[in-house]
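Reader: Please take a close look at the cavities in this model. I would like their volumes and linings in one connected account.

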Amino acid sequence: MNIKPLQLPEAEQLFSDLVSKIRPDINENVALVGVRTGGVWLAQRLHQELCLTLPLGILDISFYRDDFDRIGLHPKVKPSEIPFEVTDSHIILVDDILYTGRTIRAAINELFDYGRPASIRLAILVDRGERELPIAAQYVGAELVLPSGKMLNLQQGDDGKLSLSLYDKQLPE
Amino acid sequence: MKIHIKNGRLVDPTNGIDAVNDIFIAAGKILAIGDAPDNFHANRVIDAESLVVCPGLVDLSVRLREPGHEYMATLESEMGAAVAGGITSLACPPDTDPPLDEPGLVEMLKHRAKNLNLAHVYPIGALTQGLRGERLTEMAELSDAGCIVFGQSDVPLTNLRTMMQAMRYAATFGFSVWLRPQEASLTNDGVAHDGEIATRLGLPTIPVCAETIALSNIILLTRETGVHVHLCRLSTLDGIELVRAARQQGLSITCDVAINHLHLSEMDIGFFDSNCHLMPPLRGMSDRDALRNGLLEGTIDAVCSDHAPVDEDAKLLPFGQSEIGATGVELLLPLTLKWGIEMRIPLITVLAKITAAPARILGIDAGHLSLGAAADLCIFDAEQYWRVVTSAIKSQGKNTPFLGMELPGKIKYTLVNGQIVYED
Amino acid sequence: MISTNPQLNRSGELQHLLTTEGLPATILLEILDTAESFVGVTERDVKKIPLLRGKSVFNLFFEPSTRTRTTFEIAAKRLSADVHNLNIAASSQIKGETLLDTVNNLSAMYADMFVVRHLQSGAAHLIASHVQPDIHVINAGDGSHAHPTQALLDMFTIRRYKQDFQNLRVAIIGDILHSRVARSEIHALTTLGVPEVRVIAPKTLLPAKVERLGVHVYHDMAKGLKDVDVLMMLRLQNERMQSANLPSSEEYFKYYGLTQEKLSLAQHDAIVMHPGPLNRGVEIDSAVADGKQSVILPQVTFGIAVRMAVMSILAGN
């Protein structure tokens, strides 16, 4: 495992690395699904780069989160869009950062309410560890250990270029 | 018992007195005002320094809930509340169960009340049997039993011929007829004033003309029959104008307003506060203002509490289903004082509305501090404000729209026939 | 005495949905936006989402209604909640159990949400002011006062077909006096910025000072429908003839019923709405109800999504 404590990698470089890792496994039966919000730009870029036949899907996991009782409904819920048949499909879920694994757990549960996929794999730009559930990504851009109290953010600039930054974790009130 | 009340501010509207002075009581009567009579040795001296000493209040409508409605309140609890409110004479409406249409019932009520040795109770006799508006009651017999006036309480008298005959019969004996002007078919299932608030709240309404049409009927029949009529609980601007015009014609008409309508309007219903479910309904702001001015200017003669204690469950219902009425016998003085303060009226004029004026309407010798008169007095601190909370209300009915408000006027002592019947 | 808004908690979040009156536009729009996500759920294989799993929703219908109760039931079940229906019209009310006793008994059975319909205006407010802090109340219609979920699904429908509230003329036609739907619609429309809201009715079916709610009053349907973008029809009940509000449904239909001819006076792309159930030939012609400008059936679909949105938002607050 590569440990890079403070030096943040170039997101565009990670993206290129990720594309080359996924490309060998792509065929016309593979579908990409981006997890809102962080996975959407990434999934759109990947979908374009990898020239996929099946249309891009977007998942909003607001209704499948496990913290509804604590924090209520997210005010900016938007509809999920899965414009292909989920049953018997081979899906690659895309998200920007893999952390506790809860977001992906919710995404998998939601996908199963659409149908029974043949397989689901996970593509992640940055795996920052500290898993709380047994979730693993098949395609990883980079692994990072973050200093405590810091969170990682992926942004897309006006020119479309991706970049990574750190921000302080907000303590619950 | 000999009582010496010293240094109080004596306010007696009937005799035009407003001065600091001493007052001496013996054998249940006012013996002297000013200097002590010779050989007067008081059993009790009350220091009324900075307190007001006025005639005991006269309340024209106090529901005692007996007989028949004891689950709401009892004679003991409500009479206790009345004297705690400084009231020494009260009239109670005939809508008991059974209604006060039989001499036996009236005698029993008077007897029970007398034994409590609290305020003087004047039962209003039913005008028609069972209050059903069909057959006349034996008004002369009821008068012998103790009814000095006759009325229908809130029960409508829909047949105008019956109303006319009842008035004629009462006039024969010189009895007053007390009527609440509210036309039944225009009331229908209404529970609120026909205005913006009821429109927003989706409540069935009672238009202003339910009062004015009833008033017109009553006024015209009064002219026809020559009876003296007392109109109970005016609520509208238009209604006051009709009364003013009738009085200008020389008709023998008096009228009162309830404390609730002097201060509240439809706006106070808020989010369906059932404590504001009253009859007549709380009306618009312009009606409220007209009532306040009408009382000052004299078209409205007196204020009453319209005391109607209700058990808690009966108010914990959706507005339209809740029991009508508000407790108020302990708020008569404070709310009348509040009106006076807000309208900048001298205390002597304010107190007349709950002492001399109602006494005159009821036709009783009360509401004044004349020498030799029965020693019915109220001693209160006009400057002391107190908070209307459930624990402060002695009546069994805690249902008041004024809950939580701070009001002026704390009763310190109430005397009836020279006995201290309430002490703070 | 009037206190703070009983629908909102201390943080300004929706605690109960009792009426559209007094709710800021942000909350109304939040409900509409959230509902967008629920419309798609019905197209999936599994039409449920797990959001309210483990929660108990009690339908307290003191005024019987199969339609509304069923849509609330469907909405709650699609959210994976447990639903219990109580038609109290008969049973405990006759036994003398008070409204609040019933509510207290049910709260003791771990109810999370009450959906209440009652004949008396103010019933939902009464219940909301007496439940425990973590129980939410939805008003499914109280007397003539309010029917907020109906108004919200109507707003959702208008937004779907007309997009922008700021440019519309909306007319509400029928028995405004007795209609909780009309009142709730008027508040929602004015809050969302609709510049012209009209009511069209004979004088006997209009409440006092109705213009104070922010509406223009018309008694002539031809004048009232001119240039209108949205027509909201109201149901006329038979009781109105009995209580001397109207002479007959025939005369009502002639002057206030919606026919193709009268509809043509409005904008050519005006939409026709109705909360249901329809009284064909009384307030609306079958040709119009089933015609291409009618959005009455979509209203029903949207009703489930909107109610799911309301329940979700409340349950999370």
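Author: The cavities come next, after a note on conventions.

This is a predicted model, in which local features need pLDDT of at least 70, side-chain atom pairs count only at pLDDT 80 or more, and totals for chains, interfaces and linings use all residues. Residues are numbered from 1 along each chain as its sequence is written, chains are lettered from A and ligands numbered from 1 in the order in which they are written, and side-chain values use heavy atoms, with hydrogens and water left out.

The structure holds 6 cavities of 30 Å³ or more. A cavity is a set of points, on a 1 Å grid over the protein atoms alone, where a 1.4 Å probe fits but cannot get out; lining residues have an atom within 4 Å of a point. Points are joined across faces, edges and corners, and a volume is the space filled by probe spheres set on them.

The largest cavity has a volume of about 120 Å³. It is lined by 14 residues, of which B:P93, B:I124, B:S153, B:C232 and B:R233 are the closest to its centre. By class, this lining has 6 nonpolar, 4 polar and 4 charged residues; Ala, Val, Leu, Ile, Met, Phe, Trp, Tyr, Cys and Pro count as nonpolar, Asp, Glu, Lys and Arg as charged, and the others, Gly among them, as polar.

The second largest cavity holds about 80 Å³ of space. Its lining includes B:P55, B:G56, B:T88 and B:S89, along with B:D365, B:A366, B:G367, B:H368, B:A373, B:A374 and B:D376. Here the classes come to 4 nonpolar, 5 polar and 2 charged residues.

Conventions. 1 Å grid on protein atoms, 1.4 Å probe; cavity = no way out; pocket = protein on both sides within 12 Å on 5 of 7 lines; lining within 4 Å.
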